[in-house]
Amino acid sequence: LPLLLKATLLRLASGSYRPFYNGFYYNHIMNDNDDGQDKVDYFSGTRLVVETSKDPVYSYSGANVTLACHYRYEPDMGPKRKIRIKWSKLRDDYTKEQDVMVAIGKTYVAFGDFKGRAHIRQASRREVSLVINDVRLKDDGKYRCEVIDGLEDESDVVDLRLQGIVFPYQPPRGQYRLNFHEAEQVCQDQGAILANFNQLFQAWSEGLDWCNAGWLADGTVQYPIRLPRKPCGGVHLAPGIRSYGPRHRHLHRFDAFCFSSALKGEVFYLDRLAGMTLEEAKQSCQDAGAEIARVGQLYSAWKFLGLDRCSAGWLADGSVRYPIVTPRANCGPEEPGVRSFGFPSKGRFGVFCYKER
């Protein structure tokens, strides 16, 4: 990029360019007498309007998604200069932004994890939509589309939500053994990320009830209760999300709530007459051109692909589980779910494998 243009884009991304706005736009211009008194050139009456989708945009891991954004003038007029565009990803509390992309005309710069995955779509007049390719789990969240024309600066927010499932996770060594950073890692190892509060709340509204507290992505520790009971906050508390609030990310230890999205591939079951050890199970998946499935992949296949198998199988973390969509005799409780046999140190079972499409 030309040096001056690149410097302008980077300054725009840094957030240092913040034109004054209080309902009117104006420039301060020194008057002819140079007596220190400012003459105010008031806003001419043309208003810049930025609009994004009012409804959340839903996608899934590995997909391509477009976050629509358009701007216009009221009354209509042509822009007096090149429009500058800034897309940012917001925290849930709006207190911090992550730069995604800035653009002037057809020249743009993407930042961080969005390099090579994001670009501006301008298929129609005054469209500045953001296209994200190969959507990742951590792309879930709110995005701000900001349009800057001289001193006029307007923006709107669009919500990108990944279709997914929240599942509680304990490591092989037992309950409440994970600090925050270890919780992040175990979720990643299972093809997932730490869930955020909105994802946990959605899971609770769909029926998730879990009495063990777990880390969330913001460093808080919470757990969802549908049926109040004595060990889970007491019988007199209403159903809801119980919270321990923020906890020390190194010293305190809990379980984890992980979030996994819909799959690009498929999960399938393999077995032998005499069953398999864990190592034999891994090899069987490789022989089938696949890999042993992770916990997040099994949960996603159960929820989004209707995987129903009343046969226990190994997973990559050394646990043995099986998914039930239609509860029936000899297949566990009366509710649908992913059943767990824990982490057996010995035994022979089938295996769940995962293969990309």
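Start with the largest nonpolar core of this predicted model. Select Leu-67, Trp-87 and Tyr-143: of the 85 residues in that core, these three touch the most other members. Then add helix 5, residues 295-304, which gives the most to the core, with five residues. Nonpolar side chains in soluble globular proteins tend to be buried together.

Next, select strands 5, 11 and 10. In that order they form an open sheet of three strands, with antiparallel pairing. Strand 5 (65-67) and strand 10 (118-121) are the edges, each pairing on one side only. On average, neighbouring strands of this sheet are turned by 25° against each other, direction ignored.

Stay on the sheet and look at strand 11, residues 129-132. Three bridges pair strand 11 with strand 5 in the antiparallel sense, and four bridges join strand 11 to strand 10, also antiparallel. Select Ile-132 in strand 11: Val-65 stands opposite this residue, and so does Ala-118.

Now show the side chains of strand 10. Which residues lie on its covered face, and which on the uncovered one? Ala-118 and Ile-120 make up the covered face, while His-119 and Arg-121 make up the uncovered face. Side chains in a regular strand alternate between the two faces of the sheet.

Move to strand 6, residues 69-74, and select Glu-74, which has its place there. Is Glu-74 buried or exposed? Neither label fits, because its relative accessible area of 29% makes Glu-74 partly exposed. Add Arg-72 to the selection: its side chain makes a polar contact with the side chain of Glu-74, at 2.6 Å. Then add Arg-47, which is 27 residues from Glu-74 in sequence but 5.0 Å from it in space, C-alpha to C-alpha.

Go on to helix 2, residues 180-189. Its buried residues are Phe-180, Ala-183, Val-186 and Cys-187. Look down the axis of helix 2: these buried residues fall within an arc of 120°, so they line one face of the helix. An α-helix has 3.6 residues a turn, so residues three or four places apart point the same way.

To see what the buried residues of helix 2 pack against, select strand 14 (164-169), strand 15 (193-194), strand 16 (214-215) and strand 19 (255-261). Then inspect the two ends of the helix. At the start of helix 2, a side-chain oxygen of Asn-179 comes to within 3.1 Å of the backbone nitrogen of His-181. Just after helix 2, Gly-191 has a positive phi of about 70°.

The last stop is helix 4, residues 278-287. Color Ala-281, Ser-284 and Cys-285, which are buried. These residues lie on the same side of helix 4, because they cover an arc of only 100° around the axis. In a second color, mark Glu-279, Gln-286 and Asp-287, which are exposed on the other side of helix 4.

Which strands do the buried residues of helix 4 pack against? They pack against strand 20 (266-270), strand 21 (291-292), strand 22 (313-314) and strand 25 (350-355). Finish at Gly-289, which follows helix 4 and has a positive phi, near 75°.

How values were computed: Residues are numbered from 1 along each chain as its sequence is written. This is a predicted model: local features need pLDDT of at least 70, side-chain atom pairs count only at pLDDT 80 or more; totals for chains, interfaces and linings use all residues. Side-chain values use heavy atoms; hydrogens and water are left out. A nonpolar core is a set of buried Ala, Val, Leu, Ile, Met, Phe, Trp, Tyr and Cys residues joined through side-chain atoms within 4.5 Å. Buried means under 20% relative accessible area, exposed over 50%, partly exposed in between (1.4 Å probe, protein chains only). A polar contact is a pair of N or O atoms within 3.5 Å; within protein, one must be able to donate a hydrogen and the other to accept it, and residues adjacent in sequence count only if both atoms are side-chain atoms. Two strands pair if DSSP finds at least two bridges between them. Axes are lines fitted to C-alpha atoms, for helices over the stretch in contact, and angles run from 0 to 180 degrees between N-to-C directions. The arc is that of the directions from the helix axis to the C-beta atoms. Contact means heavy atoms within 4.5 Å.
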